[in-house]
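Reader: I want to learn how to read an interface from a model. Walk me through one.

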Amino acid sequence: MGKISRLKIFADELIRQKRITRAIEYTLLTSFILLSAGIVLAIPLRYFMGIDIIMPLSIYAGSIILSFIYGLLGIENPLEVLKDTDARKFLNQKMSAAFQYGDSNNPYSSLLVREAEDLIENLSAQQVFHVRFSRRDPFQPLLLALFLFLWMSSFSLLQISDQALTNGQMLIDTSLKIDAVNSDEEDRNLEDIAEEYRKLGQKIQDQFMSEHSIEKEVDKLSRKLENKIEGLSRKGVDKQSQTFDEDLDSEIFQLNRKKEMSDELNDILQSLMKTFSLSPDMVPGGVRKGDGNNSGNSDQESAFSEEKYLDDSGNNSLGKPEDPSDSTEIEQAPEQDSGKSEIQQESNNEGAGNSQEPGSLEGTKNDEEPGTHQNPFPLEEPEDDMAANNTPGTEEGLQDNTYKPLREEKESGEFDDGNIRGELQEGEQMKSFIRALPHIVDPTLEEMEVLYFYRNQLENAIDRESLPENYQSVVRDYFLSIGVLNE
Amino acid sequence: MSDSDDVSEKEVAEFIEDFNILKNEISRVVVGHKELTENIIVCLLSKGHALIEGVPGLGKTHLIKTLGTVLGLKSSRIQFTPDLMPADIIGTNMLMKNEEGINVIQFSEGPVFSQVILADEINRATPKTQSALLEAMQEQQVTVWGNTRKLKGPFIVLATQNPIEMEGTYPLPEAQLDRFFFKLIVRYPDTKELGEIIDLTTRAEVISVSPISDEVKIEKMQNLIRSVPVPEEVRDYAVKILQATHPESEVGTFAKYIRYGASPRGVQSMILSGKVFALMSGRYNVSFGDIRRAAYPSLRHRIILSFEGEADSITPDKIIESILISVKES
C-alpha cells in the first residue's frame, strides 16, 4: 500500500472536498424546494391558519442546516472516490484499471499508479469536486425575496377593522355570559361552547383572522349554540309532556331550569347574531325554521311556559290535564284549593277567554280551515327573542299578558269578559290549558315582573312589520280592550 | 503475480517499438492501407483472424504476403475456387511408399499447416470447403480421419473476399464469419496513393522486404497484450455496445434493420483489440476510445442485416455508428 500513499492523501482531500460539495448542493436543493413550497403556501398559511413568520423561517433555516449536515456525513471509500474523479483526466480509468484485479494481481498496477500520481500532481481536489450550480440556483434569492414579500403583504390582507376587534371582545364577553348561564354542573357542553367563543374572541383580538373567516367562525359557533338551545328546549318540552306525576316534580324543575337556560342563551345568541348580521336557523325557543312540527312545538312550549309562570307566581294548584280538550279540570282548580289567590282564578277565567278569542278571530278573518287552530302570527321572521317569544296567537303570548289587566278589570268592574272573548263558534275555538306545578318549590319571579315582561314583548310584537297587516289591528284592538296596551 | 511479474515501462516501450517497426516495414511495399495494416497486426497480436473484403486489384493479397514475409513466419496461400475441396486445405491420407519402399498410408499436410494462411477469395469456394477452416481457426488444430493435429503458433488466417454481390461467390456461413476476429474493408486508394502505387510498381527496381520478427517476439507481444487491464466502466461500455447490436435493443435507430446481432465473440474482440490499441498508444489501460475504435472491425461482420436493412441499403457500419452515438460511456 506504500506505493499508493500519495494517492491516499489525495483521496482524503477528495473525500473532504466531495463532502463539502455535496453539502452545499443539498443545501441549495433543499432551499429551492422549501422556497418554492413557501411561495405557494405563504398566503394560505398566514391567512387561514394565522401562522406567524417565525415558524416558517425556523423551518427553513432548520432544514437547510440539517441538509448541510447530512451532506457532510457519509462513508466514502478512497478508491471509489479516486475512480469518481473527472473522466477527462482519465484518473478514474487509471484507478479503476490499476485495481481491476485487486491490489497486487495486476502486472500493470504499478505503472498505472505512477501515472495516476503524475496526474494528481497537477490536479486539485477542488477541480475534481467543484460545486456545480444548477440553473435553478441563481433564482434562490429571488424566490426568498418573493416569499418574504408574499408573507409580509399578507398582513395587509389581515388588517381587520376596529369593529371586528370590538366583536372579538364581545365574543369573549359572550363566553363569560354563557359561563354564567351554565350553572348546571351536569351540562358540560356549554362550557365547551363558551371556551370556543373565548378562543375565537382571543384570536380576533390577536388579528390572526380575516374578516371573512371571523364571520364564518362566528356563524359556525352560533349554529352550535342554536343546536344546544334547541336541544335544551326539546328536552324540556318532551319531558314535560310526558311527566305529570308528582313524583317527578323535581325533574320538572330541572327541566324548567333548562328552559330558562335556553331562553337566556337565546338572548345571547340573538344579540350575537345581530352584531354579526347573521340570520338564525331557528326561532327563539329552539324551533328551527321550516320545521314541520313548528306549530306543535310552539303549542307544547307555550303550555310549558304557562306552567312555569304559574309556578313562579306561587299558584301551583293545577294538576296535569290528561285531556287537553277537557276544560273542566281547569275550572275546578280553584275549588280544589280554596286558598288560591285571585290571580289564579283570573287565570282560569282568562284561559277560558283565550280559548275563545282565537276562535273568534279565526271565524272572522280566516274561514278556510274551520275547526283548526290557525295561528294568526306566523313565526317566519322573528327579529329577536323578545319578538319571537311574544308571538301573537300562541297561548303563551296571549294568556300571560292578560294577567294584570284582567285583575284590574275585575276589581273595577268596568269590563265584561264577553268583550274580549269574541264569539264562540263550534269547532273554531282554540282551547288552552293552564297547568301549574305542585307546591314543591317557591316562586322565583315576582308576578308583576312577569306581567310587565310580557307586556313589553307584546308591544314589540305588535310593532313588528312582519306581522300580517290585518292582524295587527285585530291584536292591537284586543289588547287595548283589555287594557294591557295604552293608546 | 508478484511484483517481479509487473510489466515494466521498458517492456511496453519495446512493444511499441516492435509494433511500429512492423508497420513501417510493411508500408515500404504496401502503399496506403495504414489503418488496414495496423488492424491486421492487431489481429495477429490478439490471436485472431481477419477477413479482408474489397474489390479485386486493391492489393489485398500483396499486403498479406508481405506481412507473412515480414513476420518471419511460415506462410501459405490457398486460392479458393469453386472446385476446391476441404482435403485440398487441410490435407489428406495418401498411400505412399516409405523409405524402405513399403506402401504406407501417410498424412499429407495441406496448406493450413502454416502460421500465416492467406485464404484468397475465400467466398469463391463452396461453403463446405469454406467450413474446412473452422476447426483450424477456432481451435488451432486439424482433425483428419480421427487424428487431431495441432497447428503451430502464432497462427493467423487472413482471408480475402470479394463483395458477395459479385458473380460466382458464395457467402460465408455465419458460423465461420463469427470466427473472424476482424472484418477489414479495403478501400480505394486516394489520388496520392495511386501515384505512389504507380511509381512503386512500374519502375525497374523492385523493393523487397525481409523478416524482421519471429514467432518468439510475436508470442511475447501477444502475452503482454493479454494482461492489459480494462477499467470496469470501459468493460461495461463494451458490453452495452454489444447488446445494442441485438434486434431487440432499443438503442440507436437501426434495430429494425438487424436480423442477428453480434455474439459474445464480438465483445471479446473489442476488448482484446482495445488492449492492443491502448498499449500501442502507450497507455496501460483500455479506454473508451479504444473500444470505439475496435467496434467497427469487431462487429461489422457479426451484424446480419434484415430484409429491411438490405432493401434500404443499410450497412453494418452505419448501424455501429448509430450505436456508438447512442450508447453513453457511463
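Reader: How much area do chain A and chain B bury between them?

Author: The size of an interface is often given as the accessible area lost when the parts come together. This is a predicted model. Here chain A and chain B bury about 1,700 Å² between them. Carbon and sulfur atoms account for 51% of that area.

Reader: Which residues in chain A lose the most area to chain B?

Author: They are A:Gln93, A:Pro107 and A:Tyr108. Together they make up 39% of what the chain A side buries.

Reader: How many residues does each chain bring to the contact?

Author: Chain A gives 17 residues, and chain B gives 24.

Reader: How many salt bridges are there between chain A and chain B?

Author: The count is zero. For polar contact, the rule finds one residue pair across the interface, with both residues at pLDDT 80 or more.

Reader: Which helices of chain A each supply at least two residues to the side that touches chain B?

Author: α4 (91–98) and α5 (109–121) each do so. By class, that side of chain A holds six nonpolar, eight polar and three charged residues.

Reader: Now a single residue. Is A:Thr21 buried or exposed?

Author: Buried counts as under 20% relative accessible area. A:Thr21 has 5% relative accessibility, so it counts as buried. A:Thr21 sits in helix α1 (residues 5–48) of chain A.

Reader: What is A:Thr21 in contact with, leaving aside its neighbours within four places in sequence?

Author: A:Thr21 is in contact with A:Phe129, A:His130 and A:Val131, once those neighbours are set aside.

How values were computed: Residues numbered from 1 in each chain as written. Chains lettered and ligands numbered in written order. Predicted model: local features only at pLDDT ≥ 70, side-chain atom pairs only at ≥ 80, totals over all residues. Heavy atoms only, no water. Contact = heavy atoms within 4.5 Å. Buried area = accessible area lost by both parts, 1.4 Å probe. Salt bridge = Lys/Arg side-chain N within 4 Å of Asp/Glu carboxyl O. Polar contact = N/O pair within 3.5 Å; in protein donor to acceptor, adjacent residues only side chain to side chain. Helix = DSSP H or I, 4+ residues; strand = E, 2+ residues; numbered from the N terminus. Nonpolar A, V, L, I, M, F, W, Y, C, P; charged D, E, K, R; others polar. Buried < 20%, exposed > 50% of the residue type's maximum accessible area, 1.4 Å probe, protein only.
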